[in-house]
Amino acid sequence: MSAQSDNTNGVAAVGMRHRAHTRSTALTAAVLAASMSGSLTAGCARPDRDDSRAPQHTATPVAPPTRTPPVAAAGSPLAVKIDNVPVARPQSGLDAADVVYAEQVEGGLSRLLAVYATRLPRTVGPVRSARESDLELLRQFDRPTLAFSGAQHKLLPLIGKAPLRAQSADEDPTAYFRAAGKAAPHNLYLRPATLLPAAPGKAALTTGFRYGPAPSGGRPTASRTVRYPAARFTFTWSAERHHWLIAMDDTPMATADGAQVAPRTIVVQHVRIHDSTYHDALGSPTPYTETVGSGKAEVLRDGRSFDASWSRPKATDGTAFTTADGGRMNFADGQVWVVFAPAS
């Protein structure tokens, strides 16, 4: 073979090696870029410490879902888990709820479960994730619709077996939307009309609450504060409006459209709160609030506070409230807030 041929072959070999090296470098760069992109996305999507289960975005379906969603039972109310950390406020739709339950969650923070029966607001939110004790609390209703952002994977089978109509953002993404102005996961909102054709009516409120004239006695009460480790509710009586005005962490509570959240009756229900078997992303245990059983309570209505007792023998029962002398404890007509406070 001639020297010219050897030289030609050498040049060709160098060219092939150069092209192979270029392809290898490009492939490595692409893999590195994808890895960095995934890491950055994961970092940006990290939720707040009390919940890592809510989806960080709501996908818009390209076609109608193939499965038929369960139909709401006639006379069944809508229950919505609502965010209550400072960055989630002001919320939407709270003023339209018939009953609002306040519960303690991870890190000593609070979350709300709002129940709608007599009217449905246009939007409710921000919507957040469900907890195990919600399932026990909701057993008092006839197959209620539960709207929530999601739940811990180990809890999902329990939700699936519970006697309710579970409608999470994953189950029915068309019912939810992300609003501008708040960062995920505090910006997921529900359109109630997509889950219920109409409000079922007051008969759906099988809570065991009784309404009517106030009992005799009670103590004049200007305000009452309930504290969780990292949250504080203050209820102040307004004689002018004949409602209780709410402040969260010393900030007056109003809805996103400026409506004042002003219930007629406040119930401070002393219950046992203990760790459940579930934890958040940081390993903090999820509190379990026991709402079946009996205990002490304070009922605030008409500017007065009444010592009371509560009793709910089994999960399918409503909760009965009696006065200190065993008489009937009536609530005032209108919205009721029940704050679950740790029993001493």
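The following dialogue goes through some labels given to residues in this predicted model.

Visitor: Why is Asp 250 called exposed?

Guide: Asp 250 has a relative accessibility of 55%. Exposed means over 50%, so Asp 250 counts as exposed. The residue sits in the loop between strand E11 (243–248) and strand E12 (251–252), and its phi is positive, near 70 degrees, although it is not a glycine.

Visitor: Why is Asp 302 called partly exposed?

Guide: Its relative accessibility is 24%. Buried would need under 20%, and exposed over 50%, so Asp 302 counts as partly exposed. Asp 302 also has a positive phi, of about 55 degrees, and is found in the loop between strand E16 (293–301) and strand E17 (304–312).

Visitor: What makes Tyr 101 and Phe 340 a stacked pair, among the ten aromatic pairs of the structure?

Guide: The ring centres are 5.8 Å apart and the planes differ by 5 degrees. A pair needs centres within 6.5 Å, and stacked means planes under 30 degrees apart, so Tyr 101 and Phe 340 form a stacked pair. Tyr 101 lies in strand E2 and Phe 340 in strand E19 (residues 336–342), so the pair ties together parts 239 residues apart in sequence. Tyr 101 and Phe 340 are buried.

Visitor: Why is the pair of Phe 321 and Phe 331 called tilted?

Guide: The centres are 5.5 Å apart and the planes stand at 50 degrees. Stacked ends at 30 degrees and edge-to-face begins over 60, so the pair is tilted. Phe 321 is in strand E18 (residues 320–323), and Phe 331 is in the loop between E18 and E19, ten residues apart.

Visitor: How do you know whether Phe 321 and Phe 331 are buried or exposed?

Guide: The relative accessibility of Phe 321 is 2%, and that of Phe 331 is 0%. The limit for buried is under 20%, so Phe 321 counts as buried, and Phe 331 is buried too. Ring pairs link both residues with Phe 209 and Tyr 211 into a cluster.

Visitor: What makes Lys 202 count as lying over the face of Tyr 211?

Guide: Lys 202 is at 4.7 Å from the ring centre. The distance limit is 6 Å, with a further limit of 35 degrees from the ring normal. Lys 202 is listed as lying over the face of Tyr 211.

Visitor: Why is the peptide bond from Arg 89 to Pro 90 called cis?

Guide: Its omega is near 0 degrees. Pro 90 is found in the loop between strand E1 (78–83) and strand E2 (99–104). Another cis peptide bond joins Ala 184 and Pro 185, with omega about 10 degrees.

Notes: Residues are numbered from 1 along each chain as its sequence is written. This is a predicted model: local features need pLDDT of at least 70, side-chain atom pairs count only at pLDDT 80 or more; totals for chains, interfaces and linings use all residues. Side-chain values use heavy atoms; hydrogens and water are left out. Helices (H or I, at least four residues) and strands (E, at least two) are DSSP runs, numbered from the N terminus. Buried means under 20% relative accessible area, exposed over 50%, partly exposed in between (1.4 Å probe, protein chains only). Rings of Phe, Tyr and Trp (its six-membered ring) pair if their centres lie within 6.5 Å; planes under 30 degrees apart count as stacked, over 60 as edge-to-face and the rest as tilted.
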